[in-house]
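Reader: I would like to learn how to read a model of this kind, one feature at a time. Could you give the general idea before each case?

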There are 2 protein chains.
Amino acid sequence: MTDLPRHVHIHEEGPREGIQIEPVNLSVADKVRFIEALAETGVRQIDCVSFVNPKRVPTMADADEVARAIRKRPDVRYTGLWLNQKGLDRALTLPLDVVGSIRLTASETFSVRNTNRTIAQTIDEQRSWLATYRRHDVPLEWGYVMTAFGCSFEGEVPVDNVVAMVQQSIDLAAEFDYALKGIYLADTVGFATPADIERRIGILREKWPDMKVGLHLHDTRGTGVANVYAALKMGVDQFDSSVAGLGGCPFAEHKGAAGNVCTEDLVFMCHEMGIDTGIDLEALIECARMAEELFGHALPGKVMHAGSLSRFRKAA
Amino acid sequence: MTDLPRHVHIHEEGPREGIQIEPVNLSVADKVRFIEALAETGVRQIDCVSFVNPKRVPTMADADEVARAIRKRPDVRYTGLWLNQKGLDRALTLPLDVVGSIRLTASETFSVRNTNRTIAQTIDEQRSWLATYRRHDVPLEWGYVMTAFGCSFEGEVPVDNVVAMVQQSIDLAAEFDYALKGIYLADTVGFATPADIERRIGILREKWPDMKVGLHLHDTRGTGVANVYAALKMGVDQFDSSVAGLGGCPFAEHKGAAGNVCTEDLVFMCHEMGIDTGIDLEALIECARMAEELFGHALPGKVMHAGSLSRFRKAA
């Protein structure tokens, strides 16, 4: 199993992904309780809120309040998502970890529907973010290429578009004297199969052999965990995921099972294959069960319902 | 992608797996309608009923009636499951495809709980089945090793137990002048990760390089489709699966998400990776939706909720 990484880094997206798409609006106290419980599991980065228009995502209207109320652990980064300069400016006023990113979308139509901007306009917007990062000494980390495997408006997204967005991200960073930590490919609407993972990451690796690649995957069509596995076999060790499988993009134009890859299912698979995540699986399962209680319905995670294998090992 | 098979053979288990575990008892007419719809999708083998004690599985009490009522297509095999001689004798009286198998369990405790027999007693029972196959000119096809990746009573199942059960199956077949088509490993209670799939199939291949291996997988802990992918990469082209992800063993002592790997999710992944299944995915998705209607609640399949990608391709 030498081709698998020894350690996998997980960015927990559940609070943001879940709260942005679930119809129930939790109280600030419940949101905070959920985030604080996640912080106790050993996960090192939690995406807590998004700074978006409350008319489009009403359940994020109290994002500032939530950001202020969390009791922070020093070893955890508490992040937020912005899609425009206004959101970034808002994030900078709050006691959050503002981690700089570049965010481009490989599909023109999706870009417009999701952020109201063409790809060209988004590139300009990124310059404005990068100037802000520089002004505020914000570290730049990952470039994100959204809809890197397909688009629910355009269908196929040519790999050349993805390559162009990666090059664009690298160039934008360089323009502001930054170097990216790596590139995240996001399967925003759940089109990818393991073969796509291998093919697209393979193409990026040919062009940029030393570039780190991360994956933000949605399990829309059941291939999420298989996609993780294909990536692990290629040495990918950086994933976004969502406790209990919460989530889905509210602008992606599809109903149904659209959640992110489920964190505890991913952690379960990693641990069972000898890959460390730094996360306490049992504590994470409790968080997933808390999410079901908070949102008031069954969520798609599997291990949270079946339990891990630890009880069988103790019995043996 | 030369390491992937070109064609994958699927045995549809949904009617049997679903009806044996769902609390709702469908009418004979609904069961038949469901099976007949599945037969129109291009799937070549459907497990329709199990011949078990109606006191233990009341929803299978009308198995004979169902078996008789199905209008059969000549290109589809309609099978049933028996766990003892009485069940086999019952199957032989019905207009079903009686496909001979050898069924051993790698965990002693599971064997007793599931079939009321020790492994040694099960081996004797298989001799009685094999004699019956010979008497009735029943072809012998696969040997099944249940709990081949773990047991919800015993925990770990040593790979040596699995190897012993494979050897035992081969020997039993030979004793009656049969040759097995291959061996199915069943992850009856959903313990397997892709690493386990590779390791255990790898060990069997070392010992029996030419033996065909099939997989019967449960997606109890979210690794089901990843396990399929790991097996495909090893050239495995024979899978059991269950439309809509129906199913779960009623005697496996666990609650929660215990269904089989979902047929349409598996078919979706195969087709998207260029692997033929002979199945019409859209027709199969309709069957999955029919299953939700019949059983009256959401089922775990993903593609049935999100839809396939065909509509994006047509639009493009």
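Author: Let us begin with the vocabulary: helices, of at least four residues, and strands, of at least two, are DSSP runs numbered from the N terminus. The model is a predicted one, and in it chain A has 13 helices and 8 strands.

Reader: How many of the 316 residues of chain A count as buried, as a percentage?

Author: A residue is called buried if 20 or more other C-beta atoms lie within 10 Å of its own, and exposed if 12 or fewer do. Of the 316 residues of chain A, 53% count as buried. As for overall dimensions, the C-alpha atoms of chain A fill a box of roughly 60 × 45 × 35 Å along the principal axes. A compact globule with 316 residues would have a radius of gyration near 20 Å, and the 18 Å of chain A agrees with that. Among contacts in chain A between residues at least 6 apart in sequence, 74% join residues at least 24 apart.

Reader: Why is strand β7 of chain A described as largely enclosed by the rest of the structure?

Author: The count of neighbours decides this: 5 of the 5 residues of β7(A), residues 213-217, are buried, so the strand is largely enclosed by the rest of the structure. V213(A), L215(A) and L217(A) point one way from β7(A), whereas G214(A) and H216(A) point the other way, and all are buried.

Reader: Which strands are joined to β7(A) by bridges?

Author: Two strands pair if DSSP finds at least two bridges between them. Strand β6 of chain A, residues 182-187, is joined to β7(A) by 5 bridges and runs parallel to it, while 2 bridges join β7(A) to β8(A), again in parallel. H216(A) is a useful place to look, since it stands opposite A186(A) and also stands opposite D240(A) in β8(A). The helices complete the picture, with β6(A), α8(A) and β7(A) making a right-handed β-α-β unit, and β7(A), α9(A) and β8(A) making a right-handed β-α-β unit as well.

Reader: What should I make of phi at A244(A)?

Author: Most residues other than glycine have a negative phi. A244(A) has a positive value, near 65°, and its place is in the loop between β8 (238-241) and α10 of chain A. A244(A) is buried, with 30 other C-beta atoms within 10 Å.

Reader: And is D137(B), with its positive phi, buried or exposed?

Author: D137(B) has a phi near 55° and lies in the loop between α6 (119-135) and β5 (140-146) of chain B. With 8 other C-beta atoms within 10 Å, D137(B) is exposed.

Reader: What rotation superposes chain A on chain B?

Author: A rotation of 180° with 0.0 Å of shift along its axis superposes chain A on chain B, at an RMSD of 0.0 Å. The two copies are thus related as by a two-fold rotation axis. In chain A, the C-alpha nearest the axis belongs to A226(A), 1.8 Å from it.

Reader: How many residues does the contact take from each chain, and which elements of chain A contribute two or more?

Author: The contact takes 36 residues from chain A and 37 residues from chain B. On the side of chain A that touches chain B, the elements giving two or more residues are α8 (194-207), α9 (224-233), α10 (263-272), α12 (303-306) and α13 (310-315) of chain A. The residues of that side divide into 20 nonpolar, 9 polar and 7 charged.

Technical notes:
Residues numbered from 1 in each chain as written. Chains lettered and ligands numbered in written order. Predicted model: local features only at pLDDT ≥ 70, side-chain atom pairs only at ≥ 80, totals over all residues. Least-squares fit on C-alpha atoms with pLDDT ≥ 70 in both. Contact = placed C-beta atoms within 7 Å. Nonpolar A, V, L, I, M, F, W, Y, C, P; charged D, E, K, R; others polar. Right-handed = clockwise from strand over helix to strand, strands pointing away. Rg over C-alpha atoms; globule rule 2.2 N^0.38 Å.
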